[in-house]
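Reader: Hey, got a minute to go through this one with me? Here it comes.

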Amino acid sequence: MTKLLGAIFLVSGTAIGAGLIALPLASANIGILMSSVIILFSFFVAYQTSSITNRLIEKSGSCCSIVELSKKFAGRPTMYITMASFYILSLSLLSVYFAGTSSILDYFFHLNNNNISLVLCFVLFLFLFALKSNLFNKVNAGLFLILLLVISLVISSTFNAEKTLAIQSSTFTCKDIFYFLPVIFTSFGVQNICPYVCEILEMDTAKIKKAFLIGTLIPAIIYILWIYATLQSAYSIDISFFERILNHQVDVGELIGRLCESARSEFINIFFKVLSLSAIITSAVGIGIGLICSIKENIKPRFNRLIPLLVVLVPVFVTLLIPNAFMNVLSFGGAIATTFVIFTPFYLIFRINRNEAISIKNLICVVFGVIIMLSEVFR
């Protein structure tokens, strides 16, 4: 039971990350009702695509990443395509999370020195990624419970606003939906930890299904409540500020800053800050562990201890060299993720068993993946 809870927390914690902060900005134009419909549909796609990947792991007989599964079932060309998309996305998202964590640490401790915050962030990430499996599960579960507590407190504190935000927008366009889709798709990115979950649950199919069902349902519920609470708070703070959100003129830092300023007590102010930090770290941990598991499959065991160091060093250099485009990277990540989250697993299961692959559920996921890619082109 403890392992199952740990797996559920890992799945949910991986999903609830930087996307949590970005979702209100991406969904403001389409309204709460349409956002909720898309979120619930994305939950279905996340669970179904995870099930396909877990099914492939079961057929392979070992806890392999999607990269290794591609090699086993489709050969090296498919493996290289999958590996490239997987590593590019994982390192890009990890760099975004690293930069965000560094910025928040700088804000918390008033360091006014980006190098010091980078060092602190480097030590923190290296410590988390180097933990042994059992200890890591306990630390991750603790972080996720803190995250749930803080989200609950923040949401409850914002429902007391005097001005009521409309549930449905009457002016949204297809472009607004295209803007939202890649962000919400990236916000349900849990498929990279499928092999790790299968390993800690010892390939128990029933428990694995339960872990991903509950683990993806929790973020879906939280996303809906969070979007409403955040936009409600922004709407009640300042109509002109809310209109700037509608025009995509507000970044994540300003949104969190305004929400902190509007807090009715110092405690709520602190909760907002802790939420922004814990949300990013829990997601970064899931992405990092999935990446480390994949790299270990492709190098000699004697280098295993160096992998966490290498994985953390890449975001350090990226953060130093490239300015952080938070929303654009998350959106771009959604388009890249379709390769190994939807298209590659479907292709592999199709090669193994066409009758099993061609089901309504799987085809819906493939169509959704195509729409995500088109969203990045037309948004």
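Reader: How do α3 and α8 sit relative to each other: parallel, perpendicular or oblique?
Author: They're oblique, because their angle is in neither the roughly parallel (under 35 degrees), roughly antiparallel (over 145) nor roughly perpendicular (65 to 115) range. Mind that this is a predicted model, where local features need pLDDT of at least 70, side-chain atom pairs count only at pLDDT 80 or more, and totals for chains, interfaces and linings use all residues. Residues are numbered from 1 along each chain as its sequence is written, and side-chain values use heavy atoms, with hydrogens and water left out.

Reader: What's the angle, and how far apart are the axes?
Author: About 40°, with the axes of α3 (residues 31-60) and α8 10 Å apart. Axes here are lines fitted to C-alpha atoms over the stretch in contact, and angles run from 0 to 180 degrees between N-to-C directions.

Reader: Which residues meet there?
Author: From α3 it's S35, I38, I39, S42 and V45; from α8 it's I177, F180, L181, I184 and F185. Meeting means contact, heavy atoms within 4.5 Å.

Reader: Why would spacings of three or four places turn up in a helix?
Author: An α-helix has 3.6 residues a turn, so residues three or four places apart point the same way.

Reader: Is α8 mostly covered or open?
Author: Mostly covered: 11 of its 14 residues are buried, meaning under 20% relative accessible area with a 1.4 Å probe, protein chains only. Among them are Y179, P182 and V183.

Reader: And chain-wide, how much is buried?
Author: 53% of the 379 residues.

Reader: What about helices and strands overall?
Author: The chain has 17 helices and zero strands, counted as DSSP runs (H or I, at least four residues; E, at least two).

Note on methods
Buried < 20%, exposed > 50% of the residue type's maximum accessible area, 1.4 Å probe, protein only.
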